Amino acid sequence: SRMDKPEVLTTSVHCGQGAVRAIRYNVDGNYCITCGSDKTMKLWNPLRGIHIKTYTGTGNEVLDCASSSDNAQLVAGGLDRCLNILDVESGKMLRRWRAHAAKVNAVAFNEESNVAFSASMDCTIQAFDARSRSEKPVQIFNEATDSVLSLEVHGTEMVASSADSHFRVYNVRNGTMTEDFMGDSVSCARFTPDAACVLVSTLRSPLRLIDKNDGKLLMSYKGHVSSDIQLESVPLHSMEFVASGSEDGAVYVYGVLDGAIAARLDHGGTKSVHSLACHPKKNHLLSTDGVSLFLWTPRGSFE
């Protein structure tokens, strides 16, 4: 249904973390986490706009985080150049790997959450066994020739985007990799929920939906402003819509098939809306303009 797009501002909360670098749902979508330039992560109930817990202990600004499949752990990375694992309940630091030569831009767990991944400005992605005591990565992916900017793991596959103008899809099980050239720095690449396509945000370009298997352009989406800031995009859960951040203080929601702007979500200012997250089971969308957390839901969700 065309009605199922997120368009109602349901929550907006000032995060109080300096600059909010990223916003992420936990694995079941009941909670979300914001990453701050003040070296904290905050856990929230986004529907109620309630702050639950603050996590500290990373050595510097936190640029990305992800929750484990059982919600017991958080993986985080940032300017400390480390991959960190924290215990959600106690807030204790469980593991820290000092593996990268530059900042960590993106982190992820595999589906079983026994392997943690970090993607860095040092042009590598590194994988660590979260259950072993080893300080060394179990695998290093060094195909990128510039900063690796985003990372997502889906089953046995991983998609990474880079400032070298490529995104790369890895099959971790059989060791294959495909890469697609996008013409400019690729800020973000995300699998669609069925993992058949990749949604790709590229600087100074439309948002593009690419067939994962043959690299064909399926649709492009124009309207949002992208000139020099790394913006995230997300496919929405229902696969009828995709959403992109923008440098004009809004999120643009597009119809997947027709490429038309289905909604422009005004954040009430001129700050770039740079980080987005989609609920794993509903068309709920989280966004941040670097100051506040915003939750957008479909019309009629809570009547």
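**View 1. P235 and the residues it touches.** Beyond its neighbours within four places in sequence, P235 is in contact with R190, F191, T192, P193, L199, F241, V242 and C278. Please keep in mind that this is a predicted model. P235 belongs to strand 22, which covers residues 233–235. With a relative accessibility of 10%, P235 counts as buried, because buried means under 20%. K5 lies 230 residues from P235 in sequence, yet their C-alpha atoms are 11 Å apart in space.

**View 2. An open sheet of four strands.** Here the strands follow the order 14-15-16-17 and pair in an antiparallel way. Strand 14 (148–154) and strand 17 (176–181) form the edges; each has a single partner strand, so one side of each has no neighbour in the sheet. On average, and ignoring direction, neighbouring strands of this sheet are turned by 15 degrees against each other. Look also at strands 14 and 15 (residues 157–162), which are joined by six bridges. One residue to find is V148, whose bridge partner in strand 15 is S162.

**View 3. Aromatic rings in pairs.** The count of aromatic pairs comes to five. W97 and F128 are stacked, with 4.9 Å from centre to centre and 25 degrees between the planes. W97 sits in strand 9 and F128 in strand 12, so this pair ties together parts 31 residues apart in sequence. Both of these residues, W97 and F128, are buried. F141 and Y170 make an edge-to-face pair, because their ring centres are 5.0 Å apart and their planes stand at 65 degrees. This pair links strand 13, home of F141, with strand 16, home of Y170. F141 and Y170 are buried too.

**View 4. A cluster of tyrosines.** Finally, meet Y221, Y252 and Y254, which ring pairs link into a cluster.

Definitions and conventions: Residues numbered from 1 in each chain as written. Predicted model: local features only at pLDDT ≥ 70, side-chain atom pairs only at ≥ 80, totals over all residues. Heavy atoms only, no water. Pairing = 2+ DSSP bridges. Helix = DSSP H or I, 4+ residues; strand = E, 2+ residues; numbered from the N terminus. Axes fitted to C-alpha atoms, helices over the stretch in contact; angles between N-to-C directions. Buried < 20%, exposed > 50% of the residue type's maximum accessible area, 1.4 Å probe, protein only. Contact = heavy atoms within 4.5 Å. Phe/Tyr/Trp six-rings, centres within 6.5 Å; stacked < 30°, edge-to-face > 60°.
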